[in-house]
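Trainee: I would like a close look at a single part of this model, the stretch around one helix, and then a short tour of what else is worth seeing. Please take it step by step.

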Amino acid sequence: MADSTQKTETENPVAVNNGNNGIVKNKKKNKEVAPFGNYRNYYGYRVGHDVEEDPRFKVLKKEWFEGKDCLDIGCNSGLITINIAKKFDCRTILGIDIDNNRIKDAWWRLRNMVREEKTGNGCVGSSKTRVKGVNELECAETCSTSAKDDETDTFSVDRNLLDIVSFRCENFVLSWVSLPLENYDTILCLSVTKWVHLNWGDEGLISLFAKFWRLLHPGGILVLEPQPWESYYKNRLTTEITQMNYNNIVYKPDFFQEMLLDKIGFRTVEQATTSVSGATLGFDRPVLVFRK
């Protein structure tokens, strides 16, 4: 059980599972606790009300995505995933999340954007990425997890979002045995590492990083936004497992860069930014770009 006196920090979802897939309730306060960062209204917290798009788009570069096959780990309700496809014109992008409800939300959001484009309210590759529907996911629970249900609603354009974007519910860290054969040009892992670390410890984190390296084409890039060690403390009591792992963690975030370069095998790293202006308090983090 989560500590009812501990304020839980809102973070990005993570594609791992320790036996409880989804959001649980804190009985004392009837408050949602997301053991994997799988908050229902995550982007409502992440993006300020006066900010039109996620501030991280200020540091994401089009050349990382344009014409490339991309993978977004811990995609939550798919807002970043879809808007990367729209803004940066990637060839394909797959969003993966552990929580099937968040994947349902993502499919709902994708179909909704396709409908908007059909009526002329949007277009693929638009230079203006809108954050819309952040708190409009209540109806998503009734949606199918497959976009095929809405094939009659799709439309034929040069770049149909349903041909570019897809989502899958998967325990990314534990799916090593069933690892797909395809490789990617770009992998995103934004505000996810803490949840892997707290749920699976150092071993889970190393497995995550090794899988990134294996899935990338030579020359491919990993866009990583790690949470600082200080933020772990706020979520250490979410479950008994997170508390145990928190107490046993050896490889703290300051060591991630060295681990990815010296242990995993990435060739280079650059820091895309030291801060992301416009982010809400607690989400102003560096974005690191590693190249295989």
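## A helix under cover and its two flanking loops

Mentor: Let's start with Asp69, which is buried at a relative accessible area of 17%; the cut-off for that label is under 20%. Please keep in mind throughout that this is a predicted model.

Asp69 has a charged partner. A salt bridge joins Asp69 to Arg91, with 2.8 Å between the closest N and O atoms. Asp69 sits in strand β3 and Arg91 in the loop between α2 and β4, so this pair ties together parts that are 22 residues apart in sequence.

Now to the helix itself. Helix α2 covers residues 79–88, and because 10 of its 10 residues are buried, it is largely enclosed by the rest of the structure. Which residues of α2 are buried? They are Leu79, Ile80, Thr81, Ile82, Asn83, Ile84, Ala85, Lys86, Lys87 and Phe88. Notice that Lys86 and Lys87 are on that list, along with Thr81 and Asn83.

Look next at the loops on either side. Ahead of the helix, Asn76 lies in the loop between β3 (69–73) and α2. Asn76 is not a glycine, yet its phi is positive, at about 55°. With a relative accessible area of 0%, Asn76 is buried.

Just after α2 comes Asp89, with a positive phi of about 60°. Asp89 is not a glycine either, and it belongs to the loop between α2 and β4 (92–97). Is Asp89 buried or partly exposed? Its relative accessibility is 28%, which means that Asp89 counts as partly exposed.

Cys90 is in that loop between α2 and β4 as well, but Cys90 counts as buried because its relative accessibility is 0%. Across the fold, the C-alpha atoms of Cys90 and Gly67 are 4.6 Å apart, although 23 residues separate Cys90 and Gly67 in sequence. So around this loop you have two links back to earlier sequence to inspect: the Arg91–Asp69 pair, which ties together parts 22 residues apart, and the approach of Cys90 to Gly67 in space.

If you carry on along the chain, you reach a charged cluster. Asp99, Arg102 and Asp105 are linked in a network of salt bridges. One link runs from Asp99 to Arg102, with the closest N and O atoms 3.3 Å apart; another runs from Arg102 to Asp105, at 2.9 Å. Asp99 and Arg102 are both buried, and Asp105 is buried too. Arg102 and Asp105 lie in helix α3 (residues 100–118), three residues apart, which is about one turn of the helix. As a reminder, an α-helix has 3.6 residues a turn, so residues three or four places apart point the same way. For context, the whole structure holds five salt bridges.

Beyond that region, have a look at Lys211, in helix α5 (residues 193–215). Lys211 counts as buried, because its relative accessibility is 1%. Its C-alpha atom is 8.0 Å from that of Val173, which lies 38 residues away along the chain.

Let's finish with the pocket and the surface. The second largest pocket has a volume of about 230 Å³. It is lined by 13 residues, and those closest to its centre are Pro226, Pro228, Pro253, Asp254 and Pro286. Both α6 (229–235) and α8 contribute at least two residues each to this lining. What is the character of the lining, counted as nonpolar, polar and charged residues? Seven of the residues are nonpolar, three are polar and three are charged.

For the surface, turn to Tyr251, in the loop between α7 (240–248) and α8 (256–264). Tyr251 counts as partly exposed because its relative accessibility is 31%. Tyr251 also belongs to a nonpolar surface patch with Ile206 and Val250, and together the three have about 250 Å² of accessible area. That makes a nice contrast to hold in view: α2 is largely enclosed, with 10 of its 10 residues buried, while Ile206, Val250 and Tyr251 form their patch on the surface.

Note on methods. Residues are numbered from 1 along each chain as its sequence is written. This is a predicted model: local features need pLDDT of at least 70, side-chain atom pairs count only at pLDDT 80 or more; totals for chains, interfaces and linings use all residues. Side-chain values use heavy atoms; hydrogens and water are left out. Patches are made of residues with over 30% relative accessible area and no salt bridge: like charges are joined within 9 Å, nonpolar side chains (Val, Leu, Ile, Met, Phe, Trp, Tyr) within 5 Å. Accessible areas come from the Shrake-Rupley method with a 1.4 Å probe; for residues, only the protein chains shown count as cover. A salt bridge is a side-chain nitrogen of Lys or Arg within 4 Å of a carboxyl oxygen of Asp or Glu. Helices (H or I, at least four residues) and strands (E, at least two) are DSSP runs, numbered from the N terminus. Buried means under 20% relative accessible area, exposed over 50%, partly exposed in between (1.4 Å probe, protein chains only). On a 1 Å grid over the protein atoms alone, a cavity is a set of points where a 1.4 Å probe fits but cannot get out, and a pocket is an open set with protein on both sides within 12 Å along at least five of seven lines; lining residues have an atom within 4 Å of a point. Grid points are joined across faces, edges and corners, and a volume is the space filled by probe spheres set on the points. Ala, Val, Leu, Ile, Met, Phe, Trp, Tyr, Cys and Pro count as nonpolar, Asp, Glu, Lys and Arg as charged, and the others, Gly among them, as polar.
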